[in-house]
Amino acid sequence: MELTPPGPRGIPPLFTRLVDDSALFPPGEATMPEALRAHFESKAGEHAGVLGVFLCQASRLPELITELIKLKPKEPLPLSLIIDTGLGGVPKAISIVESRSELLALRMVEMPAPSDVDEVWLERVSEFVPEDVVRVVEPRRGVGWLDGVRKVIEHGSWPKIRCGGLADANFPSVDEVADFLSVVSTFSGASFKATNSLHRAVRHVDGTSGFTHHGFLNLLVASGRCLSGGDVRAALEITDGAELAKEASALSEPAAKAVRALFASYAAASFDEPVDDLKDLGLL
């Protein structure tokens with residue numbers, strides 16, 4: 001299933017459907033009504049082509065459906081279902097979504113993997129999630145992490161990489177991100193998703209926490225270099241937005257589409273921040 005069709009109003013292929021809406025998740029503090037209202041405003045806005053799916057926890061599906069009934073959307077909301085109820089809760093959650101097809105269009109199901117990415121567990125994921133829905137599985141970083149990433153891909157799912165959080169340990173090193181990209185890119189046709197702390201385009205130090213955040217534009221450029229044999233680690237370390245923007249702009253349309261086939265999307269609690277960064281860098 002293609003998740004990155006050509007965007008409206010001339011959105012460049014490198015940024016089409018790039019930013020999934022995770023306003024319901026930390027550090028976002030939006031209520032369900034606030035998150036949905038902002039999502040539909042963005043969807044109707046000038047840069048709607050950058051916006052991807054709406055993320056919602058399985059445990060909050062009743063709340064989501066209640067609010068959508070009030071809003072009466074013109075078309076079903078493209079949804080990524082975040083499984084916070086355990087693997088056993090997947091069939092019921094999917095059944096609930098499919099029973100409200102006038103309100104919800106299930107595009108993706110995301111879940112954390114157990115500490116040991118077990119083959120039987122991955123097979124159950126494949127059994128539970130319909131074939132036309134993207135399966136996203138997040139192996140935990142640590143010993144054997146990259147083996148888990150390989151297993152996820154081999155079972156037809158997208159691996160997810162968590163790029164930050166509320167503690168320093170949640171931020172993978174440049175080497176870890178580069179190794180992750182190297183593994184995913186060795187599989188023909190494999191895609192990955194990223195999440196957490198990628199709300200800004202360029203690598204930077206957060207003034208409040210002191211944590212060094214990866215930039216989503218760094219990750220896009222690094223993915224391009226990974227595919228072309230360039231220096232991936234150097235791309236992840238760039239803090240000059242103009243330098244990154246120049247390299248991103250120089251990608252041909254086929255190269256940009258190849259980058260996005262690899263780096264499919266990432267989740268951000270704010271849609272305005274990444275769009276503003278891309279505008280400031282002259283990329284939108």
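**Close-up 1. Burial and surroundings of Leu-87 in the predicted model.** With a relative accessibility of 11%, Leu-87 counts as buried, because residues under 20% relative accessible area are assigned to that class. Leu-87 belongs to the loop between β3 and α3 (90-99). Leaving aside residues up to four places away in sequence, Leu-87 touches Met-111, Trp-121, Arg-124, Val-125 and Phe-128. Between the C-alpha atoms of Leu-87 and Glu-247 there are 41 Å in space, and the two residues are 160 apart in sequence.

**Close-up 2. The barrel and the helix α2 that packs on its sheet.** Eight strands, in the order β1-β2-β3-β4-β5-β6-β7-β10, close into a barrel, and their pairing is parallel. On average, and with direction ignored, neighbouring strands of this sheet are turned by 30° against each other. Helix α2 (residues 61-71) packs on the sheet, where α2 touches β2 (51-57), β3 (77-82) and β4. The direction of α2 makes about 165° with that of β3.

**Close-up 3. Strand β5 and its burial.** Strand β5 comprises residues 134-138, and five of its five residues are buried, so the strand is largely enclosed by the rest of the structure. Both faces of β5 are covered, with Val-134, Val-136 and Glu-138 buried on one side and Arg-135 and Val-137 buried on the other.

**Close-up 4. The pairing of β5 with β4 and with β6.** Strand β4 (residues 104-112) runs parallel to β5 and is joined to it by five bridges; within this pair, Glu-110 stands opposite Val-136 in β5. Strand β6 (residues 158-162) also pairs with β5 in the parallel sense, over two bridges, and Val-137 has Pro-159 in β6 as its bridge partner. Helix α5 (residues 145-154) lies across β5 and β6, and runs at about 145° to β6.

**Close-up 5. The packing of helix α7 against helix α9.** Helix α7 (residues 216-228) and helix α9 (residues 241-249) pack with their axes 10 Å apart and at an angle of about 45°; α7 and α9 are therefore oblique to each other. The crossing of these two helices, α7 and α9, is left-handed. Helix α7 contributes Leu-217, Asn-218, Val-221 and Arg-225 to the contact, while helix α9 contributes Leu-244, Ala-245, Glu-247 and Ala-248. Taken by class, the residues of the contact of α7 with α9 comprise five nonpolar, one polar and two charged.

How values were computed. Residues numbered from 1 in each chain as written. Predicted model: local features only at pLDDT ≥ 70, side-chain atom pairs only at ≥ 80, totals over all residues. Heavy atoms only, no water. Axes fitted to C-alpha atoms, helices over the stretch in contact; angles between N-to-C directions. Helix = DSSP H or I, 4+ residues; strand = E, 2+ residues; numbered from the N terminus. Parallel < 35°, antiparallel > 145°, perpendicular 65-115°, else oblique. Left-handed = near helix turned anticlockwise from the far one by under 90°. Contact = heavy atoms within 4.5 Å. Nonpolar A, V, L, I, M, F, W, Y, C, P; charged D, E, K, R; others polar. Buried < 20%, exposed > 50% of the residue type's maximum accessible area, 1.4 Å probe, protein only. Pairing = 2+ DSSP bridges.
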